Amino acid sequence: MKYAAQVRLNGKDHGPLWTKPFRVEITNVVKPSENILEIDVANPWPNRIVGDSRLPPERRYPHTNIVYNQDTPLAESGLLGPVWLQVIEAMGR
């Protein structure tokens, strides 16, 4: 992930992530089994502008003075790389 994401575990919102190390604390939310992890990743703004340039003008969403056209390559986006859980034992346990 290069931009921003919203993370939810078992329905609890962990707020937006937009800077490294892109981590959230889940100790009080994680269950022994059957957890539901949801990650919504934002598409970068230039990709939206390029995508809209391929639509008829009446269907375009952003109105900006930034110039991209339908031939501009899209930036890599989405959930990039692995998602993993790191277990850290608290001292004194």
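Colleague: Hi! Which residue does D40 form a salt bridge with, and how far apart are the closest N and O atoms?

Modeller: Hello! Bear in mind that this is a predicted model. In it, D40 pairs with R8, and their closest N and O atoms are 2.9 Å apart.

Colleague: Where do D40 and R8 lie?

Modeller: D40 is in strand β3 and R8 is in strand β1, so this salt bridge ties together parts that are 32 residues apart in sequence.

Colleague: And is D40 buried or exposed?

Modeller: Somewhere in between: D40 is partly exposed, at a relative accessible area of 41%.

Colleague: How many salt bridges turn up in the whole structure?

Modeller: A search of the whole structure gives three. One of them links E38 with R8, where the closest N and O atoms are 3.5 Å apart. E38 sits in strand β3, residues 37–41, and R8 in strand β1, residues 5–9, so here the parts tied together are 30 residues apart in sequence. E38 is partly exposed, with a relative accessible area of 32%.

Colleague: Switching topic, what about helix α1? Which residue there meets R48 in a salt bridge?

Modeller: That would be D52, with 3.3 Å from N to O. The two are four residues apart in helix α1, which covers residues 45–53, and that puts about one helical turn between them.

Colleague: How accessible are R48 and D52?

Modeller: R48 is partly exposed, at 34% relative accessibility, whereas D52 counts as buried, at 6%.

Colleague: Back to the strands: which residues do shared partners join into one network?

Modeller: R8, E38 and D40. R8 has a salt bridge with E38 and another with D40.

Key. Residues numbered from 1 in each chain as written. Predicted model: local features only at pLDDT ≥ 70, side-chain atom pairs only at ≥ 80, totals over all residues. Heavy atoms only, no water. Salt bridge = Lys/Arg side-chain N within 4 Å of Asp/Glu carboxyl O. Buried < 20%, exposed > 50% of the residue type's maximum accessible area, 1.4 Å probe, protein only.
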